[in-house]
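Trainee: Could we go through this model together? I would like to start with the terms and then move on to individual residues.

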Amino acid sequence: MNTADFDFHLPEELIAQTPLEKRDASRLLIVNHKTGQMEDTHFDAIIDQLHPGDALVMNDTRVLPARLHGEKPKTGGHVELLLLKNTEGDDWEVLAKPAKRLKVGAQISFGDGRLTATILEELEHGGRIVRFHYQGIFLEVLESLGEMPLPPYIHEKLKDRERYQTVYAKENGSAAAPTAGLHFTKELLAKIEAKGVKLVYLTLHVGLGTFRPVSVDNVDEHEMHSEFYTLSEGAAETLRQVKASGKRVIAVGTTSIRTLETIGSKFNGEIEADSGWTNIFIKPGYDWKVVDAFSTNFHLPKSTLVMLVSAFAGRELVLSAYQHAIDEKYRFFSFGDAMFIK
């Protein structure tokens with residue numbers, strides 16, 4: 001299976017640069033993977049695709065304002081750090097620019113010294129392990145000094161940083177948003193719950209690997225990044241009941257899918273409370289364990305996310321749906337429109 005099999009031409013003007021004024025005003029392409037039928041509608045119509053007794057599973061991770069701009073005190077040289085994950089205590093794995101000037105022992109200052117960092121270890125591809133020094137609570141310092149780490153294909157400044165958070169974001173830890181959830185409003189979720197659909201939350205902290213293109217020609221040679229996930233006992237029990245009653249587990253986004261399928265693969269198709277690191281790579285030929293349907297945004301060409309969607313609906317149908325979306329001028333990527341695949 002070649003990476004080029006998942007390529008398509010996307011006009012640059014279809015890459016959404018800003019969120020819509022209303023979250024649920026985005027468009028929705030409904031795709032029936034069994035019949036191949038497609039329907040164009042708006043996102044709030046997703047409620048019609050959900051049935052009483054179904055479970056709607058959402059990722060409640062919260063994006064950290066993880067991009068920091070600082071300087072080297074001795075030279076005044078500009079430094080940018082992007083926080084990737086907390087390794088221990090005040091130590092973080094970061095992506096540094098310009099990395100070649102940041103050797104072990106180097107110091108960086110942010111916000112006139114309100115936050116400083118020391119380079120502890122050099123990693124490949126510009127990665128570093130740093131230790132932060134500060135007064136007070138780290139997340140509060142980060143909130144005041146950091147910027148939202150928008151994806152590299154978004155060039156516009158974000159006026160309201162909450163628009164890069166889902167309305168149910170709770171658990172701090174992501175370097176990127178689980179963007180399929182950005183379309184939901186609290187009002188829409190209340191209507192869905194009132195219909196008898198069970199709202200279930202899990203956590204997967206999204207890493208920057210989400211945006212990295214597949215650089216190998218042979219898909220099987222690609223190494224997935226690892227991300228930390230958690231599913232509580234209460235959530236697992238709800239999902240077990242839903243499955244036992246013959247209803248559907250419907251995932252919101254590829255991060256929810258990866259968490260559910262990681263657990264299903266680990267426990268032989270059963271749903272158990274669990275937490276840990278996952279590097280699951282779902283591609284065509286994958287044997288699905290848990291997820292029965294899902295919503296997702298439109299993804300980058302040749303990405304592992306297009307491969308994941310193709311594993312469920314088939315490569316030809318997915319590429320056909322993407323071409324339909326391009327022809328109909330749907331908005332793509334993080335702030336773009338959505339698909340519902342059933």
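Mentor: Certainly. Helices here are DSSP runs of at least four residues, numbered from the N terminus. Please keep in mind that this is a predicted model.

Trainee: Then which helix holds Thr 262?

Mentor: Thr 262 belongs to helix 4, which covers residues 253–266.

Trainee: Is Thr 262 buried or exposed?

Mentor: Thr 262 is buried, because its relative accessible area is 12% and the cut-off for burial is under 20%.

Trainee: What does Thr 262 touch, leaving aside neighbours within four places in sequence?

Mentor: With those neighbours set aside, Thr 262 is in contact with Tyr 229, Thr 278 and Ile 280. The side chains of Thr 262 and Thr 278 are also joined by a polar contact of 2.6 Å.

Trainee: Let us turn to Thr 203. Where is Thr 203 found?

Mentor: Thr 203 is in strand 12, residues 198–204. With 11% relative accessibility, Thr 203 counts as buried.

Trainee: Which side chain makes a polar contact with the side chain of Thr 203?

Mentor: That of Asp 60, at 2.5 Å. Beyond four places in sequence, the residues in contact with Thr 203 include Asn 59, Asp 60, Thr 61 and Glu 171. Phe 228, Tyr 229 and Thr 230 are also among them.

Trainee: And how far is Thr 203 from Ala 99 in space?

Mentor: The C-alpha to C-alpha distance between Thr 203 and Ala 99 is 31 Å, and 104 residues separate them in sequence.

Trainee: There is one more threonine on my list. Why does Thr 296 count as buried?

Mentor: Thr 296 counts as buried because its relative accessibility is 1%. Thr 296 sits in strand 16, residues 293–297, and its side chain forms a polar contact of 2.6 Å with that of His 299. Leaving out neighbours within four places in sequence, Thr 296 contacts Ala 180, Thr 254, Val 309, Ala 338 and Met 339.

Trainee: Val 309 is in helix 5, I believe. How many residues of helix 5 are buried?

Mentor: In helix 5, residues 304–313, 10 of the 10 residues are buried, so the helix is largely enclosed by the rest of the structure. Val 309 is one of those buried residues, as are Thr 304, Ser 310 and Phe 312.

Trainee: What do the buried residues of helix 5 pack against?

Mentor: They pack against helix 4, strand 16, helix 6 (315–327) and strand 17 (338–341). Helix 5 is followed by Gly 314, which has a positive phi near 95°.

Trainee: Where else does the backbone have a positive phi, in a residue other than glycine?

Mentor: Lys 329 has a phi near 60°, and Phe 333 has a phi near 70°. Most residues other than glycine have a negative phi, and most peptide bonds are trans. Lys 329 lies in the loop between helix 6 and strand 17, as does Phe 333. Lys 329 is exposed, at 60% relative accessibility, whereas Phe 333 is buried, at 5%.

Trainee: Which peptide bond is cis?

Mentor: The bond from Lys 97 to Pro 98 is cis, with omega near -10°. Pro 98 is in the loop between strand 7 (91–97) and strand 8 (107–110).

Trainee: Now the interior. How many residues has the largest nonpolar core?

Mentor: The largest nonpolar core has 67 residues, and those with the most contacts inside it are Leu 239, Leu 260, Trp 288 and Phe 332. Another core, of 26 residues, lies apart from it and includes Leu 64, Val 79, Leu 82 and Leu 142.

Trainee: What about the second largest pocket: which residues lie nearest its centre?

Mentor: Arg 67, Glu 147, Met 148, Leu 150 and Lys 157 lie nearest the centre, out of 13 lining residues. The lining divides into five nonpolar, three polar and five charged residues, and the volume of this pocket is about 300 Å³.

Trainee: Finally, how many cavities of 30 Å³ or more are there?

Mentor: There are three. The second largest cavity has a volume of about 100 Å³, and its lining comprises four nonpolar, four polar and four charged residues. Among the residues that line it are Pro 19, Arg 23, His 183 and Phe 335.

How values were computed
Residues numbered from 1 in each chain as written. Predicted model: local features only at pLDDT ≥ 70, side-chain atom pairs only at ≥ 80, totals over all residues. Heavy atoms only, no water. Helix = DSSP H or I, 4+ residues; strand = E, 2+ residues; numbered from the N terminus. Buried < 20%, exposed > 50% of the residue type's maximum accessible area, 1.4 Å probe, protein only. Polar contact = N/O pair within 3.5 Å; in protein donor to acceptor, adjacent residues only side chain to side chain. Contact = heavy atoms within 4.5 Å. Core = buried A, V, L, I, M, F, W, Y, C linked by side-chain atoms within 4.5 Å. 1 Å grid on protein atoms, 1.4 Å probe; cavity = no way out; pocket = protein on both sides within 12 Å on 5 of 7 lines; lining within 4 Å. Points joined across faces, edges and corners; volume = space filled by probe spheres on them. Nonpolar A, V, L, I, M, F, W, Y, C, P; charged D, E, K, R; others polar.
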